[in-house]
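Reader: I should like to go through this model by way of questions. Please reason briefly in each reply and close on the value or name requested.

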Amino acid sequence: MLVSNLPFTSPWLLAPMEGVTDPVYRGLVLGLHRPEDLGGAFTEFLRISQRPAKTEEVARHMGPSSSPIPVGLQLMGSDRERMADSARAAIRAGAVLVDINFGCPAKGALKGCAGSGMLQDPGSMESMVKAIADAVREESGDRVPVTGKIRAGYNDANSVADLARAVEQGGAQMLTVHCRTRAEGYCPEVDWTRLATAAQAVGIPVCANGGIESHADLDRARQETGCSFAMIGRAALGNPWIFSGEEVSTQRAAQFLVDYWDAIVATPRGHARAANGKVKQLLRLWSAGDLVPDAEARTVWLRETDAPAQIARLRSIAADTESHT
Ligand SMILES: Cc1cc2nc3c(=O)[nH]c(=O)nc-3n(C[C@H](O)[C@H](O)[C@H](O)COP(=O)(O)O)c2cc1C
């Protein structure tokens with residue numbers, strides 16, 4: 001444990017990513033790492049709209065937990081009572097941390113005034129954190145921390161300090177700041193001074209997020225911003241070993257994707273076509289092991305619609321210990 005009652009085992013965290021960081025993917029990535037390399041991960045958001053989540057629903061969303069690396073549950077919604085009831089269900093389902101999403105820029109979230117829609121009203125963010133922190137405390141004592149994840153702002157980053165303070169004053173024990181605003185989407189440029197501004201504005205630990213591209217960047221982000229933690233999103237999809245900095249062979253890189261494919265196919269509704277789509281989602285960003293050496297190679301992987309041909313090629317590279325180590 002690094003800070004207060006946060007469960008993380010190192011300062012490096014895997015970001016929540018909807019459509020990717022489900023139990024299957026997380027299980028594989030957590031299995032690659034020692035707890036001193038990867039300190040924690042998050043579920044993708046669980047959307048709370050018309051009714052609170054039930055305990056079984058939260059348990060399904062979290063999946064089995066066989067790793068010593070903790071996984072926080074993320075909730076997204078705009079109705080305080082339903083969010084608080086869902087947080088109670090999360091505690092009953094065994095959540096070790098409850099995180100609140102104030103960053104999702106998707107139209108659906110904005111329409112319901114959830115996710116980054118809430119960045120326009122720091123007062124209601126504070127009330128939301130407080131409602132959830134109170135519910136979690138009632139249900140678990142001080143055992144389970146509540147955290148919040150924001151973007152640097154809605155249209156601009158002028159209020160990042162106010163947004164950070166709102167999350168702290170609501171009772172969160174860590175704040176993650178994605179340094180892009182909602183308006184900036186996923187633009188390639190990042191301004192880490194916004195992270196430093198947030199870190200200076202609050203007393204709780206801040207986790208730096210946005211544009212961390214390499215293992216070396218993890219430490220650089222902490223040094224340059226004064227944040228206690230650093231979180232990686234998309235670069236970890238391209239290189240799941242980024243947290244340890246291990247350079248892997250082409251064969252091992254292919255084996256990860258084979259294992260991912262097999263794990264998807266083994267799920268109750270899994271099939272090869274779905275596995276091909278999910279693997280391509282990673283190949284779009286893949287940087288590990290020289291498996292995708294250039295744009296041409298990437299196009300070949302991404303154009304493959306014949307699922308058996310795709311997995312056969314990956315299996316053959318994974319099995320080739322001679323030429324791909
Ligand atoms: C496909 C995708 C899905 C995402 N889903 C979530 C989510 O469920 N909850 C969340 O807080 N952020 C989500 N994010 C944002 C990431 O957690 C992270 O803040 C963002 O990608 C910036 O980090 P990066 O520059 O390292 O990718 C998502 C991002 C991507 C690319």
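Reader: In which loop is the place of Met118?

Author: The coordinates belong to a predicted model. In it, Met118 follows helix α4 (107-111) and precedes helix α5. Its place is therefore a loop, and with 28 C-beta neighbours inside 10 Å it counts as buried. The loop asked for is the one between α4 and α5.

Reader: Leaving aside neighbours within four places in sequence, with which residues is Met118 in contact?

Author: The C-alpha atoms of Met118 and Tyr154 are separated by 8.6 Å, with their positions 36 residues apart along the chain. The contacts of Met118, once neighbours within four places in sequence are set aside, are Ser78, Phe102, Cys113, Ser124, Met125 and Met128.

Reader: Against which elements do the buried residues of α5 pack?

Author: Helix α5 (residues 122-140) has 19 residues and reaches 26 Å from its first C-alpha to its last, close to the 27 Å expected. Its buried residues include Met125, Met128, Val129 and Ile132. Just after the helix, Gly141 takes a positive phi of about 70 degrees. The packing partners of the buried residues are α3 (80-92), β4 (98-102), β5 (146-151) and α6 (160-170).

Reader: Which residue has a positive phi of about 55 degrees although it is not a glycine?

Author: Most residues other than glycine have a negative phi. The residue in question lies in the loop between α11 (272-283) and α12 (295-303). It counts as partly exposed because it has 15 C-beta neighbours inside 10 Å. The residue is Asp290.

Reader: Is Ser316 buried or exposed?

Author: Ser316 is found in helix α13 (residues 307-319). From Ala235 it is 81 residues away in sequence and 25 Å away in space, C-alpha to C-alpha. Because Ser316 has 12 C-beta neighbours inside 10 Å, it counts as exposed.

Reader: How many residues does the contact between the domains take from domain 1 and from domain 2?

Author: The domain assignment gives domain 1 (12-238) and domain 2 (250-319), and their C-alpha centres lie 29 Å apart. The contact takes seven residues from domain 1 and 12 residues from domain 2.

Reader: Which elements each supply at least two residues of the side of domain 1 that touches domain 2?

Author: By class, that side of domain 1 has five nonpolar, one polar and one charged residues. The elements that each supply at least two of its residues are α1 (23-32) and α9.

Reader: Which residues come nearest to the ligand?

Author: The shell around the ligand has nine nonpolar, nine polar and four charged residues. Elements that give two or more residues to this shell are β2 (40-47) and α9 (234-238). Of the 22 residues around the ligand, those that come nearest are Ala15, Met17, Glu18, Gly233 and Arg234.

Reader: What is the radius of gyration of the protein?

Author: The protein has 13 helices and eight strands. The globule rule gives 20 Å for 325 residues, and the computed value is close to it, so the protein is as compact as a globular protein of that length. Along its principal axes the C-alpha trace spans about 60 × 40 × 35 Å. The radius of gyration is 20 Å.

Reader: Among contacts between residues at least 6 apart in sequence, what percentage join residues at least 24 apart?

Author: Buried residues make up 50% of the 325 residues in the protein. For the contacts between residues at least 6 apart in sequence, the share that joins residues at least 24 apart is 73%.

Key
Residues are numbered from 1 along each chain as its sequence is written. This is a predicted model: local features need pLDDT of at least 70, side-chain atom pairs count only at pLDDT 80 or more; totals for chains, interfaces and linings use all residues. A residue is near a molecule or strand if its C-beta atom, placed from the backbone, lies within 6 Å of it. Helices (H or I, at least four residues) and strands (E, at least two) are DSSP runs, numbered from the N terminus. Ala, Val, Leu, Ile, Met, Phe, Trp, Tyr, Cys and Pro count as nonpolar, Asp, Glu, Lys and Arg as charged, and the others, Gly among them, as polar. A residue is buried if 20 or more other C-beta atoms lie within 10 Å of its own, exposed if 12 or fewer, and partly exposed in between; C-beta atoms are placed from the backbone. Domain bounds come from an automatic or database domain assignment. Two residues are in contact if their C-beta atoms, placed from the backbone, lie within 7 Å. The expected span of a helix is 1.5 Å times one less than its number of residues. The radius of gyration is taken over C-alpha atoms; the globule rule is 2.2 Å times the number of residues to the power 0.38.
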